[in-house]
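Hi,

Here is the structure I promised to pass on. Have a look at it first, then read my notes underneath.

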Amino acid sequence: GFDTAFEENRLKAIKKSRDSGKIMSTSRITLVQETEEKSGFLIYLPVYRHGMPHKTIDERRNAFMGFVTGVFRACDLLEGVVEESHRKLINFSIYDSPFDAGTNDLEAWGKDHLLHSTNNDLNNFISTTSPMKEISILSVAGRKWTVVAIPSEAFLQQSSDILPILIFVSGTIIGFLIFLTLRSVEESRES
């Protein structure tokens, strides 16, 4: 089998999940099974022995059996939610950071925190420092994700009236779909 705890990022998420009894995610990782460099994340759902108490950390550690692990490629997640035609007009980027990052300066985070961007050619998009962008912060499995929507120059010329509405709706839809996915996993665990 594959040792998912071979690296500190993964081990930290595993321990937090086991000790809290909650679904936890790693921060951005490079998936080892990929032939080309793709970023993603792992989600761990702890499994405890049936009938054993697991209300405290010590009880959870004693009752712990293992994990259900989900492997997610960030590009598949985001591109599955945002239609290709929208990706040409609006760039959606997802950044991962811990809740204690101390900064929301996306430029400073750089590629180390970028899970995925729907358009690699950002030359056609306005600067990330421009006021014409929408930023949504989501709590996902113990992590903080910052979703940034940046319109292209072509989009701004086409539809300056509906831009705020479209960006808001798109950001809300992405957040809602991620919430539903994680809630579904949690509900199936409880049943």
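Below is what turned up, starting with the ground rules.

This is a predicted model, so to speak with conditions: local features need pLDDT of at least 70, side-chain atom pairs count only at pLDDT 80 or more, and totals for chains, interfaces and linings use all residues. Numbering runs from 1 along each chain as its sequence is written, and side-chain values use heavy atoms, leaving out hydrogens and water.

The protein chain has seven helices and eight strands (DSSP runs, H or I of at least four residues and E of at least two, numbered from the N terminus). Of its 191 residues, 40% are buried (under 20% relative accessible area; exposed is over 50%, partly exposed in between, 1.4 Å probe, protein chains only).

Now the inside. The largest nonpolar core (buried Ala, Val, Leu, Ile, Met, Phe, Trp, Tyr and Cys joined through side-chain atoms within 4.5 Å) holds 20 residues, and Val140, Trp145 and Ile178 touch the most other members. Strands S3 (39-48), S5 (90-97), S7 (134-140) and S8 (143-151) each give it two or more residues, as do helices H3 (74-81) and H7. H7 supplies the largest share, four residues. Leaving aside residues up to four places away in sequence, Val140 touches Ser25, Trp145, Ile178 and Leu182 (contact: heavy atoms within 4.5 Å). A second, separate core of six residues includes Ile14, Ile29, Leu42 and Tyr44.

One last residue: Leu180 sits in helix H7 (residues 163-190) and is partly exposed, at 38% relative accessible area.

Cheers
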